[in-house]
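Trainee: I should like to take a close look at the salt bridges of this structure. Could you take me through the pairs and their surroundings?

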Amino acid sequence: MDKAFVYDTRKKALIAVPAGRGTRLSDGFLVTSGPISGVLTLTDVTSGSAVSRTLAAKAGKWDVDPYTGLVGYVDPASQNIHVLRSGVPATDIAVLGARTEPSVSLVDSSSSWDGTWWLSKPAASWTLVLRNKATGAAVRTLSGRAAHDAVRTSWNGRTSTGAYAPNGTYGWTLTVAPADKHGASATASGTLKLTGGAAVRRDHVGSDGIGDLLTLNSQGALTFHRGDGTGKFSTKTSASGWPASITVVPFGDLNGDRCNDVLVRVGGGALWAYRPGCGKALTTSTPYTTLGTSGWNQYNVLTSPGDITGDGRADLIARQASTGDIYLYKATSSGKLSARVKIFSKWSGYKKITGVGDLNGDGYGDLLAQDTSNKLWRYAGTATGGFRARVKVADNWSASYNVVVGVGDITGDGRADIVSRDTSGKLWRDNGNGKGSFGTRTGIATGWQGYKALY
């Protein structure tokens, strides 16, 4: 005797059911017709096993609506049409499966991330929300109306304003409302990695939304140490041949190629903006633009806090050695720096001034300053090219640190972190808490005393 089975998509199990001459599947049940007598039999499988009962003793033509659960048949004697309710409760809409890409690289304007989700029954509408995993921010919401058997959509890697979304990992959540208005909406979720989007602060070689650290040794090798997303550094991208006397400032994307650039002050006081491209080493032959041919040696601090002018571009902070005055150089749309503007006077009392990105979650870059008594202060950036009144972050900030670097987010939580090196060559990480301060420091490496400078 023939055997027949149905597959329960929710319980992922086969259920043995009666075989018949004709069979129609519906939501939670099937109907079969007897081979000779024309008896219509309904088999309910919602319990996980087959439970059968007779619908009609004799039927001519017949059919089942797979979504409403209605059964219609023609009485062969009278030719009357009968429509019956199955009596089987309708199940909620479900996403039966999906085909989504694990990543997307925005190599050109036609690149997109594509997804298909198969449904157990028709949907009235659907919504797909894409969120940055690090920050939790929703960058794009896509939606559509009725879908019969599947939802199909694409994301071009842009935000709702049309700008490129930042590189990194994104979570997607699909919500589907049932067309029959029965039961709750179905949801499905997953992740994808985006590259080729907007450059994230301090991410020079990974295009993964994680910050990197740049070092210079006494032999003239500049090395990017790639952040691994867990608070440490992994692979290296290096180039030699640099004068050991240079000063380096990891910067944002000056020329609009969606790759972060690096400012280098060279002998004679010139400042050059190097554009190595995403993921490439910074070599002496890397293309550059001259930002100033002389005069930059007057500064004993050059650092970038990120954007403090509200235009989405990184800006440069400089301290004049002779006066201690602080100047802002605003990045422009032409890939240059605007004329300097003095924003503070007499900051000579700070022994370290470091641009650290957005520490307090307001979207603007901040500065950390350590005074001679080892108090650590935060200056929160604004959208108008300045900073708010200072706020004390810590007393007795370690006097053994000879370098403090705002490396961006290296832990993958969307918050700006800092890395410091002490006089023994040990490397420390302080996790930003998103509120302008830090958690307990963590040692992450030793033997770093061989580097002349960390940036």
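Mentor: What follows considers the salt bridges one pair after another. The model is a predicted one, and the structure holds 7 salt bridges. In general, side chains of opposite charge can pair when their charged atoms come close.

Consider R24 and D63, whose side chains meet in a salt bridge with an N to O distance of 3.4 Å. R24 belongs to strand β3 (residues 22-25) and D63 to strand β7 (residues 62-64), so this pair ties together parts that are 39 residues apart in sequence. R24 has a relative accessibility of 35% and counts as partly exposed; D63, with a relative accessible area of 43%, is partly exposed as well.

Another pair is D362 and R388, with 3.2 Å between the closest N and O atoms. This salt bridge links distant parts of the chain, 26 residues apart: D362 is in the loop between β29 (350-357) and β30 (366-371), while R388 is in the loop between β31 (376-380) and β32 (391-394). D362 is partly exposed at 26% relative accessibility, and R388 is partly exposed with a relative accessible area of 42%.

A further salt bridge joins R313 and D311, where the closest N and O atoms are 3.3 Å apart. R313 counts as partly exposed at 29% relative accessibility, and D311 is partly exposed with a relative accessible area of 27%.

Notes. Residues numbered from 1 in each chain as written. Predicted model: local features only at pLDDT ≥ 70, side-chain atom pairs only at ≥ 80, totals over all residues. Heavy atoms only, no water. Salt bridge = Lys/Arg side-chain N within 4 Å of Asp/Glu carboxyl O. Helix = DSSP H or I, 4+ residues; strand = E, 2+ residues; numbered from the N terminus. Buried < 20%, exposed > 50% of the residue type's maximum accessible area, 1.4 Å probe, protein only.
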